[in-house]
Amino acid sequence: MDKMLEQFSNGICEISVIPFRKNLSTSFLQKIEKLKNVTVSLHGHSHIKRTPHSEFSGLNYNDQHGLILEGLKKLKKLDNFTKKFVPPWNNYDKITIDVLEDLNFKSIGTSHKQIIKNQSSLLFEPISININEFLKISK
């Protein structure tokens, strides 16, 4: 992980963090926070499929709100946290958008394959790369 973080420190980039992933340590979050030119976004809750294809899509408002709020509380302590949400598997629904707006998120980073704008105040950023793709192209 440290080698990966070194790669990020050389340019402007964003790290999407899964706040309740088993192997996420407090020291890792502290290292991310110290990196210059790096912002942090919220990448779901625990990256567990709660419906056949998603962590959020298909869940009711209260369930989605609770999961996203819990992740927000953990990451908003970081100085470089941006109010951006990156849905796991690029899968979300209109309820997810409603929750993000109600929690004052500014943007959503997602695949261009699925964009549900529907008069949303969120900025839609259709760009993402997973960590394995990043490591492959950074060699």
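This is a short walk through the fold, the salt bridges and the nonpolar core of a predicted model.

## The overall layout

Let's start with the parts list. The protein has 5 helices and 5 strands, and from the N terminus on they come in the order α-β-α-β-α-β-α-β-β-α. Of its 139 residues, 42% are buried.

How much of the contact map is long-range? Among contacts with a separation of 6 or more, 61% are between residues 24 or more positions apart.

## Strands side by side

Strands β1 and β2 pair in the parallel sense, over 5 bridges. One handle on that pairing is C13, whose bridge partner in β2 is V38. Together with helix α2, these two strands make a β-α-β unit, and the unit is right-handed.

Next along is the pairing of β2 (residues 38–42) with β3 (residues 81–85), again parallel, over 2 bridges. Here V40 has F81 as its bridge partner in β3, and L42 stands opposite F85. To get from β2 to β3 the chain goes through helix α3 (residues 61–75), in a right-handed β-α-β crossover. As for β2 itself, 4 of its 5 residues are buried, so the strand is largely enclosed by the rest of the structure.

β3 also pairs with β4 (residues 107–109), in the parallel sense and over 2 bridges. In this pairing F85 faces I108 of β4. The helix in the matching β-α-β unit is α4 (residues 94–102), and this unit is right-handed too.

If you are tracing side chains along any of these strands, keep one general point in mind: in a regular strand they alternate between the two faces of the sheet.

## One face of helix α2

Which residues of α2 are buried? In this helix (residues 26–34), they include F28, L29 and I32. Looking down the axis of α2, the buried residues fall within an arc of 100 degrees, so they line one face of the helix. A general rule helps here: an α-helix has 3.6 residues a turn, so residues three or four places apart point the same way. Turn to the face of α2 away from the buried side and you find the exposed residues T26 and K34.

## The nonpolar core

The largest nonpolar core has 28 residues. Those with the most contacts inside it are V17, I68, L75, F81, F85, F105 and I108. The elements that give two or more residues to this core are β1, α2, β2, α3, β3 and α4, and α3 gives the most, with 4 residues.

I68 is a handy residue to click on. Leaving out residues up to four places away in sequence, I68 touches L42, F56, F85, T96, V99, L100, L103 and F105. Two of those, L42 and F85, are the pair that stand opposite each other in β2 and β3.

## Salt bridges

The model holds 4 salt bridges. E14 forms one with K84, with the closest N and O atoms 3.1 Å apart. That pair links distant parts of the chain, since E14 sits in β1 (residues 13–17) and K84 in β3, 70 residues apart. Is each partner buried or exposed? E14 is partly exposed, with a relative accessible area of 29%, whereas K84 is buried, at 6%. There is a third member as well: E14, K84 and E125 are linked in a network of salt bridges.

E55 and R50 form another salt bridge, with 3.8 Å between the closest N and O atoms. E55 is buried, with a relative accessible area of 0%, while R50 counts as partly exposed at 34%.

Over in α4, the side chains of K94 and D98 meet in a salt bridge at 2.5 Å, N to O. Both residues lie in that helix, 4 residues apart, or about one turn. K94 is partly exposed, with a relative accessible area of 33%, and D98 is partly exposed too, at 25%.

Technical notes. Residues numbered from 1 in each chain as written. Predicted model: local features only at pLDDT ≥ 70, side-chain atom pairs only at ≥ 80, totals over all residues. Heavy atoms only, no water. Pairing = 2+ DSSP bridges. Right-handed = clockwise from strand over helix to strand, strands pointing away. Buried < 20%, exposed > 50% of the residue type's maximum accessible area, 1.4 Å probe, protein only. Arc of directions from axis to C-beta. Core = buried A, V, L, I, M, F, W, Y, C linked by side-chain atoms within 4.5 Å. Contact = heavy atoms within 4.5 Å.
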